[in-house]
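Here are my notes on the model, as numbered points. Please read them with the structure open.

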There are 2 protein chains.
Amino acid sequence: MTETAPGAPDPVTDDTLDGFVGYLMKRAFAAVQTDLARTLEPFELRMMTFSALVVVVDNPGLRQSDLAQALSVERPNLVVIVDELERRGLIRRQQMPTDRRAYALVPTDAGRGLCRRATAAVKAHEDRILSGLSANQIDQLSDALRAIRRTAEE
Amino acid sequence: MTETAPGAPDPVTDDTLDGFVGYLMKRAFAAVQTDLARTLEPFELRMMTFSALVVVVDNPGLRQSDLAQALSVERPNLVVIVDELERRGLIRRQQMPTDRRAYALVPTDAGRGLCRRATAAVKAHEDRILSGLSANQIDQLSDALRAIRRTAEE
DNA sequence: TATTGTTATACTCTATAACTATA
DNA sequence: TATAGTTATAGAGTATAACAATA
């Protein structure tokens, strides 16, 4: 029985919880993340590997520690992400001549190509999940999220 | 050396990534979640145990499966959460006379008291992280998050 | 047969400590 | 001595399969 019977109890909702912006953010982000994961699946990318690839393509030659800071990921967690992207031939670790401890990360042609196609798919995904909002509402939402992050990280 | 030296390279930013609402949501939520965890720490609650407690206090007598659906948590994951709240004497599992498979969840006096104090702390936390936004902007943000969740869950 | 709560399990994401090789 | 990358490890959060008791 999955149909609502006449006189069946209403599903539980909660005005207290739904009044918290933090809870709304969690639930909305979870829904977005689920749809995004489906979107990236054909490219064998997850949100984190996609994000890392985008940053490397946009900032060729950056060091791993730069990438970790840009993504707010601890360095140990970034290692497996870079490993995966390098194993798939999407980026390369290049020894830096000026500092032999560090690696410069550069995208390959294959990495740039996959990044372009995945980015187009993600844009389509965003158009879909934001289809209920006007362009102005999307701008205000983006500004609000940036403001919240800035305030909460202080 | 943590100070910015004159001529030091700028920290990496990325306009492509920062243009994705999904990425902004992830980063903003992560910052909010970190601050919320600190807020709930004195009550020995996490976001999930706090949410569960609020729903039980607001809907005394609901079944575990109702709570799972309300929180969008799979039933197996809810067991340990209910275990923890019950072990701490904040809620109780009551056998339902009408269906001996199910438990009705009811808050204790201690649970209601802790819920009230934790809710006040969370409200203060929200006021803090939302201090950069007007009341109207907060309403619009909440509406946008609800709309996104609705669209993405379709 | 289907459902409630449960157990066991596994996978992802994230965080910390400690190691190595360089600086 | 400090830093870049690495290894090992541990903790959350979340998902599925399968079970016992009950409907």
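1. In S3(A), Arg92(A) has Val106(A) as its bridge partner. This is a predicted model, and the points below should be read with that in mind.

2. That bridge belongs to a pairing of strand S2 (residues 91–96) of chain A with S3(A), which is antiparallel and runs over 6 bridges. The link from S2(A) to S3(A) is a hairpin of 2 residues.

3. Strand S3 (99–107) of chain A also takes part in the surface near DNA strand C, where it supplies at least two residues. Helix H5 (75–87) of chain A does likewise, as do helix H4 (64–71), helix H5 (75–87) and strand S3 (99–107) of chain B. Both protein chains therefore need to be shown when this surface is inspected, with nearness taken as a heavy atom within 4 Å.

4. There are 20 residues around DNA strand C, and those that come nearest are Arg46(A), Asn77(A), Gln64(B), Ser65(B) and Arg101(B). By class, the residues of this surface are 10 charged, 7 nonpolar and 3 polar.

5. Which part of DNA strand C lies within 4 Å of the protein, sugar and phosphate or bases? Sugar or phosphate accounts for 56% of those atoms, and bases for the rest.

6. Individual contacts show both kinds. Arg46(A) places a polar side-chain atom 2.5 Å from a phosphate oxygen of DNA strand C. Arg100(A) approaches a phosphate oxygen of the strand with a backbone N or O atom, at 3.0 Å. For Arg101(B), a polar side-chain atom is 2.7 Å from a base oxygen of DNA strand C.

7. Turning to the protein–protein interface, chain A and chain B each contribute 56 residues to the contact. About 5,100 Å² is buried between the two chains, and 69% of that is on carbon and sulfur atoms. On the chain B side, the residues that lose the most area to chain A are Val12(B), Phe20(B) and Arg27(B), which together make up 13% of what that side buries.

8. How many salt bridges does the rule find across the interface of chain B and chain A? The count is 0. Polar contact is found there for 14 residue pairs, both residues being at pLDDT 80 or more.

9. Several helices of chain B give two or more residues to the side that touches chain A, among them helix H2 (21–40), helix H3 (47–58) and helix H6 (109–129). H7(B) gives the most, with 13 residues. This side of chain B has 31 nonpolar, 13 polar and 12 charged residues.

How values were computed
Residues are numbered from 1 along each chain as its sequence is written. Chains are lettered from A and ligands numbered from 1 in the order in which they are written. This is a predicted model: local features need pLDDT of at least 70, side-chain atom pairs count only at pLDDT 80 or more; totals for chains, interfaces and linings use all residues. Side-chain values use heavy atoms; hydrogens and water are left out. A polar contact is a pair of N or O atoms within 3.5 Å; within protein, one must be able to donate a hydrogen and the other to accept it, and residues adjacent in sequence count only if both atoms are side-chain atoms. Ala, Val, Leu, Ile, Met, Phe, Trp, Tyr, Cys and Pro count as nonpolar, Asp, Glu, Lys and Arg as charged, and the others, Gly among them, as polar. Contact means heavy atoms within 4.5 Å. Buried area is the accessible area (1.4 Å probe) that two parts lose on being put together, summed over both. A salt bridge is a side-chain nitrogen of Lys or Arg within 4 Å of a carboxyl oxygen of Asp or Glu. Two strands pair if DSSP finds at least two bridges between them.
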